[in-house]
Amino acid sequence: MLIRDLMTAPAVTVTAETSIGTALRLLDDRKITAMPVVDKSGVLAGIVSEADLVQDAALLNDRVPVAAVRTTAETPPRRVVDVMSYLVATVDADDDLEVAIDLMWSTMVKSLPVLDKGRVVGMISRSDVVHLLAGRDDRIRAEVRELIATECPNWQVEVHDGVVTVSGPAGPHERKLADVLAGTVRGVVAVRIH
């Protein structure tokens, strides 16, 4: 599966000049953990995450004395540029999903900007992958049923954790046919014929 098939698009982006308050509201409203920071032409300039924004908000905690923060009426509001990360791990929209999974696992980041010809076109997150995995058995069941229905519509198909169970094939030829058809579906771990 390609990243473009699973990514969230379009990506919710901000600019370096976006206020911290606006960035916080975007993360909260959209239920996301990070946003690419783009320049005026849409080119990736960095990323801002919930961790960056939460750390910045700690400065304004009620327990911190106002004198320690030293804000005045003339102090400009904090902006994304003040907290964003400039070093960003990215993936390409045409990369295999495994590339994103490996990168998220090795770097411990929760989400990655997805690029196409250098422009941000989406985001891929661990929650996108979890959602895909949670629905994997349903997808496999539907694909196997579709393949088998053309040959033997009375056969029953069940899937549990990627293991396909086909009930109905009687003779050796039918059993082999069911095994081959079910085995062609991506994500099938094993095939059992009953």
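Let me start with one pair of residues: V166 has I193 as its bridge partner in β8. That pair belongs to the join between β7 and β8, which run parallel over 4 bridges. Keep in mind that this is a predicted model.

Now the helices on that sheet. α6 packs on it and touches β6 and β7. The direction of α6 makes about 155 degrees with that of β6. α7 packs on the sheet as well, touching β7 and β8. For α7 the angle is taken with β8, and that too is about 155 degrees.

What is the strand order here? The sheet is open, has 3 strands, and reads β6-β7-β8. Its pairing is mixed. β6 and β8, the latter at residues 190-193, stand at the edges. Each has a single partner strand, so one side of each is left without a neighbour in the sheet. On average, neighbouring strands of this sheet are turned by 20 degrees against each other, direction ignored.

Next, the core. Which residues make the most contacts inside the largest nonpolar core? They are I140, V144, I148, W155, V157, V164 and V166. The core has 15 residues in total. Four elements each supply at least two of its residues: α6 at 136-149, β6 at 156-160, β7 at 163-167 and α7 at 172-183. V166, from my opening pair, is on the list of residues with the most contacts in the core. As background, nonpolar side chains tend to be buried together in soluble globular proteins.

Take V144 as an example from that core. Set aside its neighbours within four places in sequence. V144 is then in contact with V157, V164, A182 and V185. Two of those names, V157 and V164, also appear on the core list.

One stop in the loop between β6 and β7: D161 is found there. D161 is not a glycine, yet its phi is positive, about 55 degrees. Buried or exposed? D161 counts as partly exposed, at 49% relative accessibility.

Over to the other sheet. This one is also open, with 3 strands in the order β3-β4-β5 and mixed pairing. β3 and β5 stand at the edges. Each of them has a single partner strand, so one side of each lacks a neighbour in the sheet.

β4 pairs with both β3 and β5. How covered is β4? It spans residues 111-116, and 5 of its 6 residues are buried. With β3, at residues 91-92, β4 pairs in the parallel sense over 2 bridges. There, D92 stands opposite L115 of β4. With β5, at residues 119-125, the run is antiparallel, and 6 bridges make the join. S111 stands opposite S125 in β5. D116 stands opposite R119 in β5. β4 and β5 form a hairpin with 2 residues between them. K117 sits in that turn, with a positive phi of about 55 degrees.

Now the N-terminal part. A cis peptide bond joins A9 and P10, with omega at about -5 degrees. P10 lies in the segment before α1. T18 lies in that segment too, ahead of α1 at 20-30. Buried or exposed? T18 has a relative accessible area of 14%, so it is buried. What does T18 touch? Beyond its neighbours within four places in sequence, T18 is in contact with A23, R79 and V80. There is a polar pair as well: a polar atom of the T18 side chain lies 3.1 Å from the backbone nitrogen of T15.

On the far side of α1, look at K31. K31 is in the loop between α1 and β1, the strand at 34-38. Its phi is near 55 degrees, a positive value in a residue other than glycine. K31 counts as exposed, at 68% relative accessibility.

Last, the whole chain. The protein has 7 helices and 8 strands. Of its 194 residues, 32% count as buried. The accessible surface comes to about 11,900 Å², and 56% of that belongs to carbon and sulfur atoms. Then the contacts between residues at least 6 apart in sequence: 57% of these join residues at least 24 apart.

Terms used:
Residues numbered from 1 in each chain as written. Predicted model: local features only at pLDDT ≥ 70, side-chain atom pairs only at ≥ 80, totals over all residues. Heavy atoms only, no water. Buried < 20%, exposed > 50% of the residue type's maximum accessible area, 1.4 Å probe, protein only. Pairing = 2+ DSSP bridges. Contact = heavy atoms within 4.5 Å. Areas by Shrake-Rupley, 256 points an atom, 1.4 Å probe, with all protein chains shown as cover. Core = buried A, V, L, I, M, F, W, Y, C linked by side-chain atoms within 4.5 Å. Polar contact = N/O pair within 3.5 Å; in protein donor to acceptor, adjacent residues only side chain to side chain. Axes fitted to C-alpha atoms, helices over the stretch in contact; angles between N-to-C directions.
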